[in-house]
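Subject: Handover of a structure and the findings from it

Dear colleague,

Please find below the sequence and structure that I am handing over to you. My findings follow, arranged by topic.

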Amino acid sequence: MNANQEKMHTGELYLPGDEEIMQEQLKRMEKLYEFNATRPAEMDKRNRLMKEMFAEIGEGCYLEPPFHSNFGGGHVHFGNYIYGNFNLTLVDDTHIYVGDYTMFGPNVTIATAGHPILPELREQGYQYNLSVHIGRNCWLGAGAIVLPGVTIGDNSVIGAGSVVTKDVPSNVVAVGNPCRVLREINEHDRKYYCKNREIVF
């Protein structure tokens with residue numbers, strides 16, 4: 001492992017165009033292409049490919065193609081029973097951790113990669129990566145964006161279209177751009193699943 005490969009996971013500036021990084025990325029992108037080319041009936045093949053692609057993946061996970069990922073899931077750690085809808089984008093230049101039962105709506109983006117503000121450094125191609133941690137049983141609504149270094153606590157809901165720039169605690173509903181805590185999950189949520197629609201089985 002060379003210096004650039006090591007710095008991918010330390011938060012330091014590095015050059016992502018490094019030849020060894022690019023070779024590894026190309027291999028992973030080939031596997032991702034194969035996954036996205038599967039037919040709807042080829043569930044066994046999809047499950048096999050996900051186990052080959054991801055750093056870790058638990059039981060019962062489902063991703064709806066197309067799925068996008070810089071390293072094909074190679075730095076993604078999924079728990080059990082995670083659901084990803086169409087166009088889930090995981091910019092996994094470094095590690096992304098997701099707890100059991102978490103759900104991603106369509107067009108959600110989780111980004112670990114950032115670029116320096118200083119133009120001269122960007123011109124030279126420098127990048128840095130910060131890992132993202134998403135807790136157990138979270139729900140990220142359609143079009144939500146999570147930025148590098150963010151942690152989202154267990155059971156929290158991120159509203160559709162939110163841009164999560166800072167950590168979100170457990171057991172809250174958070175919305176907006178930038179994303180802010182709207183309220184805690186409470187007794188009302190035990191009675192109603194949506195507005196005035198009562199939970200009845």
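Helix 5 is the leading contributor to the lining of the largest pocket, giving four residues. Please bear in mind throughout that this is a predicted model.

The largest pocket

The space in this pocket comes to about 530 Å³. Its lining consists of 20 residues, and those nearest the centre are V157, V173, R183, D189 and Y193. Besides helix 5 (187-191), the elements that give two or more residues to the lining are strand 15, strand 17 and strand 19 (192-194).

The sheet

Strand 15 and strand 17 also belong to an open sheet of seven strands, with the order 1-4-7-12-15-17-18 and mixed pairing. Strand 1 (62-63) and strand 18 (180-184) are its edge strands, each of them paired on one side only.

Within this sheet, strand 12 (residues 139-140) runs parallel to strand 15 (residues 157-158), and two bridges hold the pair. Here W139 faces V157 of strand 15; V157 is also among the residues nearest the centre of the largest pocket.

Strand 17 (residues 172-175) and strand 18 are antiparallel and are joined by four bridges. A174 is the residue opposite V181 of strand 18. The two strands make a hairpin with four residues between them, and G176 in the turn has a positive phi of about 105 degrees. P178 also lies in the loop between strand 17 and strand 18, and the peptide bond leading to P178 from N177 is cis, with omega near 0 degrees.

Strand 18 has little cover: of its five residues, the number that are buried is zero. L182 is located in this strand. L182 counts as exposed because its relative accessible area is 56%, and the cut-off for exposed is over 50%. Apart from neighbours within four places in sequence, L182 has contacts with V173, A174 and V175. The C-alpha atom of L182 is 9.7 Å from that of G159, a residue 23 positions away along the chain.

The nonpolar core

As a general background, nonpolar side chains in soluble globular proteins tend to be buried together. In this model the largest nonpolar core has 34 residues, and F78, F104, I110, L140 and I152 have the most contacts inside it. At least two residues of this core come from each of helix 2 (19-36), helix 3 (43-53), strand 3 (76-78), strand 6 (96-98), strand 11 (132-134) and strand 17. Helix 3 supplies the largest share, three residues.

I110 may serve as an example from this core. When neighbours within four places in sequence are set aside, the contacts of I110 are T89, L90, V91, I96, F104, V132, I134, L140 and V146.

Cysteines

How many disulfides does the model contain? The count is zero. The sulfur of C138 has its closest cysteine sulfur in C179, at 11 Å; a disulfide requires the two sulfur atoms to be within 2.5 Å, so this separation is too far for a bond. C179 is likewise in no disulfide, C138 having the nearest cysteine sulfur. C138 is buried, at 1% relative accessible area, and C179 is buried as well, at 12%.

Backbone details

A further cis peptide bond is the one that joins P65 and P66, where omega is about 0 degrees. P66 is placed in the loop between strand 1 and strand 2 (68-69).

Positive phi values also occur in residues other than glycine. N107 has phi near 65 degrees and sits in the loop between strand 7 (103-104) and strand 8 (109-111). Is N107 buried or partly exposed? With a relative accessibility of 44%, N107 is partly exposed. K195 has phi near 50 degrees and belongs to the loop between strand 19 and strand 20 (197-198). With 73% relative accessible area, K195 is exposed.

With kind regards

Key. Residues are numbered from 1 along each chain as its sequence is written. This is a predicted model: local features need pLDDT of at least 70, side-chain atom pairs count only at pLDDT 80 or more; totals for chains, interfaces and linings use all residues. Side-chain values use heavy atoms; hydrogens and water are left out. Two strands pair if DSSP finds at least two bridges between them. Buried means under 20% relative accessible area, exposed over 50%, partly exposed in between (1.4 Å probe, protein chains only). A nonpolar core is a set of buried Ala, Val, Leu, Ile, Met, Phe, Trp, Tyr and Cys residues joined through side-chain atoms within 4.5 Å. Contact means heavy atoms within 4.5 Å. On a 1 Å grid over the protein atoms alone, a cavity is a set of points where a 1.4 Å probe fits but cannot get out, and a pocket is an open set with protein on both sides within 12 Å along at least five of seven lines; lining residues have an atom within 4 Å of a point. Grid points are joined across faces, edges and corners, and a volume is the space filled by probe spheres set on the points.
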